[in-house]
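Student: I'd like to learn how to read holes and surface features in a model. Could you walk me through one?

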Amino acid sequence: MEIKALGCEPLSLRRVFIKDGHTLDVYKKDGGYKSLEKALGMTQDAIIQEVKDSALRGRGGAGFPTGMKWSFVPRDSPKPKYIVCNADESEPGSFKDRYLMEYDPHALIEGMIIAGYTLGSNTGYIYGRGEYRYLLDIMDVAIKEAHDAGILGPKVLGNKNFSFDLHTHTGAGAYICGEETALLSSLEGYRGHPRMKPPFPAIEGLYASPTIVNNVETFTSIPQIIDMGGIKWRDLGTEKSGGTKLWSISGHVKKPGVYELPMGYADMEKFIMQDCGGMLRDDKKLKAVIPGGSSVYIMNAGQILGKNVTLDYEGLVAAGSMLGTGGMMVMDETVDIMESTKNLTEFYKHESCGWCTPCREGTDWLVKIFNRISIGEGRPEDAQLMLDICDNIEGKSFCPLGDAAAWPIQSAIKQFPGDFKKWLFDNTNTNGTQPNV
Ligand SMILES: Cc1cc2nc3c(=O)[nH]c(=O)nc-3n(C[C@H](O)[C@H](O)[C@H](O)COP(=O)(O)O)c2cc1C
C-alpha cells in the first residue's frame with residue numbers, strides 16, 4: 001500500500017507521516033486545534049463564508065458544496081441540531097476515510113466541533129460500518145483525550161457559551177446505511193431504510209431535527225480551510241473544485257494505495273500509468289477504469305489515454321464519468337467487463353435494502369440475467385433487456401442506490417460492447433442475429 005501526496009504538500013495525509021500523529025499531544029504540537037480556537041473567535045456567518053469560498057465539495061460521493069449545505073440549517077429552529085459524520089465508507093473501491101480516522105482522528109474531531117459551533121449544535125455522532133469498529137475505537141480514544149483536555153464537553157476550550165459532545169455509533173455493515181437518510185434511520189435505532197427527500201436532513205434529519213451529514217474527508221478539510229482561509233485553500237485546486245482530494249486506487253496498478261492530489265491534477269493517464277508505479281502490473285495494457293467508486297460510469301482506455309483528463313469534478317464529467325468518492329479501480333486487458341459488471345451487480349442486489357420495487361426487483365432480475373449469460377445461455381436480446389431494466393431503475397428508485405446499480409451496466413454495455421457480444425452470441429441458445437449492443 002502506497003500512501004503519498006503528489007503535486008502538493010500532504011495536507012489531509014499530513015499526519016500519516018508524523019509519528020504518533022493520532023495522539024492529542026502530537027496533534028497539538030503540529031498546530032492541532034488552532035483552527036478551532038480561531039473559529040471560536042469568528043462569527044458563524046464568517047465561517048460559512050470561508051467554507052463557501054473554499055469551493056469544498058462533499059467528499060462522500062455526491063460532491064454537494066459544503067458551505068451551501070451548511071447555510072441551509074435554520075438558525076431560528078427551536079429544535080436541537082446535530083452534526084453527523086458519515087464514516088460508513090461502504091462504496092466498493094473507496095478506502096480513504098479509514099486512513100484519516102486511523103492516523104488523524106483529532107482532525108475529524110476538530111472539523112466536527114467547528115461545524116457544531118457554526119451551526120449551533122451541541123451534539124455530534126460518528127457513524128461507521130460494523131467492519132470499522134476498530135477505527136471507531138481509535139476515535140473513542142481520541143474523543144476521550146479531547147474531553148479530558150477540555151476540548152470537548154461543557155465548555156469547549158473554556159468557552160462558556162459553547163458545549164459539544166461527540167459519540168461513535170457502529171452500523172452493521174450495510175451499504176445502504178452510507179446513504180445519509182438511511183444512516184439517520186439506523187442511528188435512531190430503526191432499520192436502515194432511506195427517507196423521502198425533501199425534507200433534506202439540514203431541515204429535518206436526526207430525530208426530525210436540523211442535521212448536517214458530511215463525510216470524514218469533508219470534515220477533516222474544515223480545520224485546513226479555517227487555518228489557511230477559504231480562498232487560499234480553494235486555490236490549491238481549481239476554482240470550482242477546491243483544495244486537495246484523496247484518491248484510493250486499486251486494481252492492476254503496480255502501486256495501489258491512497259494518494260493526495262490537488263484538484264485539477266493533470267492528468268489521469270499520468271496518474272495511472274506513471275505515478276502509481278509506472279505502467280500496469282505485468283506491463284499489461286489498460287482496458288478500463290472506474291474512477292470514482294463503483295457507482296459511477298466505467299471508462300474505456302480510449303476515454304483516458306491521450307485525452308488529458310484532469311482529476312477534478314469537471315474533468316471527469318467532461319470525460320464521460322464522475323469523480324464520486326475518488327475510489328479509482330483500474331483494470332487491465334485481462335478483465336472481462338461482462339464478468340466484472342456481473343460482480344458489481346451482485347453487490348448492488350445484495351445491498352438493495354428492499355424498500356422500493358424498482359431497485360429490489362430490478363437488481364434481482366439483472367443478476368438472474370447475468371447468471372444466465374455467464375453459464376453460456378446468453379441471448380442476443382439480453383443487452384437491450386438489461387438496458388430496459390436499468391431504465392426502469394434509474395431515476396425511479398426511492399434513493400440513489402438504484403442509479404448506482406444501473407450506471408455501471410449502462411456504461412459497460414456502451415463502452416465495452418465486444419465483451420457482451422461475445423457472451424450473447426457464442427453460446428448454444430443464440431439464433432445468430434446481431435445483439436443490439
Ligand atoms: C447507497 C449510497 C451509499 C453511500 N455511502 C456513503 C458512504 O459510505 N460515505 C459517505 O460519506 N457518503 C455516502 N453516500 C453519500 C451520502 O448520502 C451523503 O451524500 C454524504 O454523506 C454527504 O456528505 P458530503 O456532502 O460531505 O459528501 C452514499 C450514498 C448512497 C446513495
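Tutor: Sure, we'll go through cavities, pockets and a few surface residues, bearing in mind that this is a predicted model.

Student: Let's start inside. How many cavities of 30 Å³ or more are there?

Tutor: A cavity is a space where the probe fits but cannot get out. Here the count comes to two cavities of 30 Å³ or more. The largest cavity has a volume of about 60 Å³, and the second largest holds about 40 Å³.

Student: Which residues line the largest cavity?

Tutor: Look around Ser352, Cys353, Gly354, Trp355 and Cys356, which are among the lining residues. Cys359, Arg360, Phe398, Cys399 and Leu401 also belong to the lining, as do Ile176 and Pro194. Sorted by class, that lining has nine nonpolar, two polar and one charged residues.

Student: And what lines the second largest cavity?

Tutor: You'll find Ile290, Ile298, Met331, Ser340, Thr341, Leu344, Pro408 and Ala412 there. Helix H13 (337–351) and helix H16 (401–415) are the elements that give two or more residues to this lining. H13 gives the most, with three residues.

Student: How does the lining of the second largest cavity divide by class?

Tutor: It has six nonpolar, two polar and no charged residues.

Student: Now the pockets. What is the volume of the largest pocket?

Tutor: A pocket, unlike a cavity, is an open set of points. The largest pocket here has a volume of about 1,300 Å³. Its lining takes in 49 residues, and Gly60, Gly61, Ala62, Gly63 and Pro400 lie nearest the centre of the pocket.

Student: Which elements should I look at around the largest pocket?

Tutor: Try strand S5 (211–215), helix H12 (313–318) and H16, since each supplies at least two residues of the lining. H16 should ring a bell: this helix also gives two or more residues to the lining of the second largest cavity. By class, the residues lining the largest pocket divide into 20 nonpolar, 16 polar and 13 charged.

Student: Where should I look for the centre of the second largest pocket?

Tutor: Go to Arg14, Arg15, Pro223, Gln224 and Asp227, which lie nearest the centre among 21 lining residues. Helix H6 (105–119) and helix H9 (216–228) each give two or more residues to this lining. The largest share, five residues, comes from H9. The volume of this pocket is about 310 Å³, and its lining has eight nonpolar, six polar and seven charged residues.

Student: Let's move to the surface. Which residues form a nonpolar patch?

Tutor: Phe64, Met68, Phe72 and Ile203 form one on the surface, and together they have about 350 Å² of accessible area. One of them, Met68, is found in helix H4 (residues 66–71).

Student: Why does methionine 68 count as partly exposed?

Tutor: Partly exposed covers the range between the cut-offs of 20% and 50%. Methionine 68 has a relative accessible area of 38%, so this residue is partly exposed.

Student: Then is aspartate 25 buried or exposed?

Tutor: Exposed means over 50%, and aspartate 25 counts as exposed because its relative accessibility is 55%. You can find aspartate 25 in helix H1 (residues 24–29).

Student: One last thing: how far apart are aspartate 25 and proline 74 in sequence and in space?

Tutor: In sequence, aspartate 25 and proline 74 are 49 residues apart. In space, they are 36 Å apart, C-alpha to C-alpha.

Terms used:
Residues numbered from 1 in each chain as written. Predicted model: local features only at pLDDT ≥ 70, side-chain atom pairs only at ≥ 80, totals over all residues. Heavy atoms only, no water. Helix = DSSP H or I, 4+ residues; strand = E, 2+ residues; numbered from the N terminus. Buried < 20%, exposed > 50% of the residue type's maximum accessible area, 1.4 Å probe, protein only. Patch = residues over 30% accessible without salt bridge, like charges linked within 9 Å, V, L, I, M, F, W, Y side chains within 5 Å. Areas by Shrake-Rupley, 256 points an atom, 1.4 Å probe, with all protein chains shown as cover. Salt bridge = Lys/Arg side-chain N within 4 Å of Asp/Glu carboxyl O. 1 Å grid on protein atoms, 1.4 Å probe; cavity = no way out; pocket = protein on both sides within 12 Å on 5 of 7 lines; lining within 4 Å. Points joined across faces, edges and corners; volume = space filled by probe spheres on them. Nonpolar A, V, L, I, M, F, W, Y, C, P; charged D, E, K, R; others polar.
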